[in-house]
Amino acid sequence: MDQLPLTTVAGAAASSLEGGGRVVDTYKKALATAASVAAYAMLVRGMARELLPEELRAAVRWGAGLVRARLGAADKERHTIVIRRHFDSGYSENHLFDAARTYLATKIDPRAMRRLCLARSRHKEPDGSSSWSTILCMDDGGSTTDSFDGVEFKWTSIEAGGDDGKKGKGHHHAPRETLELSFDAEHTDTALERYVPFIMSTAEQLQRQDRALKIFMNEGRSWHGINHHHPATFDTLAMDSPLKRAVVDDLDRFLKRKEYYRRIGKAWKRGYLLHGPPGTGKSSLVAAMANYLRFNLYDLDLSEVRLNSALQRLLIAMPNKSILVIEDIDCCFDAKSREDLKMPVSADDGFSSDSSDDDVPSGGKFDLTGAHKQQNVTLSGLLNFIDGLWSTSGEERIIVFTTNYKDRLDPALLRPGRMDMHIYMGFCCWEAFKTLARNYHLVDDHVLFPEIQDLLAAVEVTPAEVSEMLLRSEDADVALRVLTDFLQDKRRKEIIID
């Protein structure tokens, strides 16, 4: 066998070493490039977190997830949250389960699922009546997906066995209904800290929209409620359009400010004073607020309350998400200012030990019974609940006072922090009339409209009076002619008086 010359072997070895060196250099350059790219990626990610809003970052995450799915990225680690209908050995209801099922009912597409469950639940009301609700839900083994902030969540319905391995009498349990929520492990914080709370709040809103509203009246020291079916809404309310919009915006802002009120250290409540002549729609506005918020009404009759302590018990018994209404507040307490009435009170005045020192200066003992029996409830006792120490006994509450005579009210009621928004319900304006004409006769224009507009600008007439004229006939032409004659007659009388 021929042997290669020594120079040839040495040359080959040198070439091999040179090639190996080039590979090492290339490898080093690749590592340096990768390190630079990683550093830039970390820098860009940090800048994005600081500069980009959460909504845009969520959109970017969603787009990146879609690209990874299209490119066939490798499966990621998945986490699963198990939500059982019952816990504590089946004796306690899991409210998250009901909330998730209510929420998913709005996400299920009946056309995309082969098997569905139709559920109908009955809710017992405090007064003994019942309300029913119908929802769609997934059958055992069914699944659906939901997207939240660019993250995909998968829901699966599972019905587990009921015996749990226990034998013998008294240990048999019905099958356990379970919902499983699965998602990529990297989104665990999003699921627990944002998605689950979002489901709870959304379900609460849906349930509140479906429930029958109640109006409660006080009898003695307790509340008694009946169903409230007042049809008034902000769409049908006859009032000035900019003022109506301002009220709706204020209510919306109030609902969104839970954390804001907590941060500034104030009770989460809002006070409204509705004032104006009789028949201008104050009660209708209260009903429209209740229908808009889906809050129950608590109509407080102060003539039924004997002591401040009884008043406190009534107000504390009100649940959250409710509206307290005191109508004709000027008739409930002495119209004089508390500053004019600070004087010693003798034992003959009927104050029991139930009244605190703060109760005395209101001068606000009142007599509404017709039997000359003085009440021991005072304006100070009421103010303690509105913005005093008792104001934090509940949250997300609306307080509404109505009066025909704002100038008769104690200034203590009017200061900021008690009645936050003063709403004047005045005489019927042109915008209010157009709403009434549309409500009663479905007309947006008529040959008599210009004359009616001129008359409304010249006379003072309440929406209640206009409504009465529009009810005189179902024929729009006849009803509008009746209204025109009424306004003309009213104008003639005012000219004669002047």
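These exercises work through parts of a predicted model.

**Exercise 1. The main core**

Find which residues of the largest nonpolar core touch the most other members, and which element gives the most to this core.

Solution.
- Step 1: The core holds 29 residues. Those touching the most other members are F234, Y272, L285, M289, I323 and I398.
- Step 2: Now turn to the elements. Two or more residues each come from α5 (241–255), β11 (269–275), α7 (282–293), β13 (322–326), β14 (397–403) and β15 (421–424).
- Step 3: Of these, α7 gives the most, with 7 residues.
- Step 4: Look at Y272 by itself. Beyond four places in sequence, Y272 touches D250, L251, M289, I398, I399, V400, F401, M419, M421 and I423.
- Step 5: There is also a second, separate core, with 28 residues. Among them are F216, W223, L273 and F401.

**Exercise 2. Strand β13**

Decide how many residues of β13 are buried, and name those on each side.

Solution.
- Step 1: Count first. In β13, 5 of 5 residues are buried.
- Step 2: Sort them by side. S322, L324 and I326 lie on one side, while I323 and V325 lie on the other. Both faces are covered.

**Exercise 3. Partners of β13**

Work out which strands are joined to β13 by bridges, and how many bridges there are to each.

Solution.
- Step 1: Strand β12 (residues 296–299) runs parallel to β13, with 4 bridges between them. One pair is N296 with S322 of β13.
- Step 2: Trace the chain between these two strands. From β12 it passes through helix α8 (residues 308–316) to reach β13. This β-α-β crossover is right-handed.
- Step 3: Strand β14 is parallel to β13 too, and 5 bridges join them. Here I326 has F401 of β14 as its bridge partner.

**Exercise 4. An arginine in a strand**

Is R270 buried or exposed? Locate this residue and list its contacts.

Solution.
- Step 1: R270 sits in strand β11.
- Step 2: Apply the cut-off: buried means under 20% relative accessible area. R270 has 18% relative accessibility, so it counts as buried.
- Step 3: Set aside neighbours within four places in sequence. R270 then contacts D250, F254, Y261, R397, I398, I399 and D420.

**Exercise 5. Helix α9**

Name the buried residues of α9 and some of what covers them.

Solution.
- Step 1: Helix α9 spans residues 379–387, and 7 of its 9 residues are buried.
- Step 2: The buried ones are L379, S380, G381, L382, L383, F385 and I386.
- Step 3: Their cover includes β11, α8, β13, β14 and α10 (411–414).

Note on methods:
Residues numbered from 1 in each chain as written. Predicted model: local features only at pLDDT ≥ 70, side-chain atom pairs only at ≥ 80, totals over all residues. Heavy atoms only, no water. Core = buried A, V, L, I, M, F, W, Y, C linked by side-chain atoms within 4.5 Å. Buried < 20%, exposed > 50% of the residue type's maximum accessible area, 1.4 Å probe, protein only. Contact = heavy atoms within 4.5 Å. Pairing = 2+ DSSP bridges. Right-handed = clockwise from strand over helix to strand, strands pointing away.
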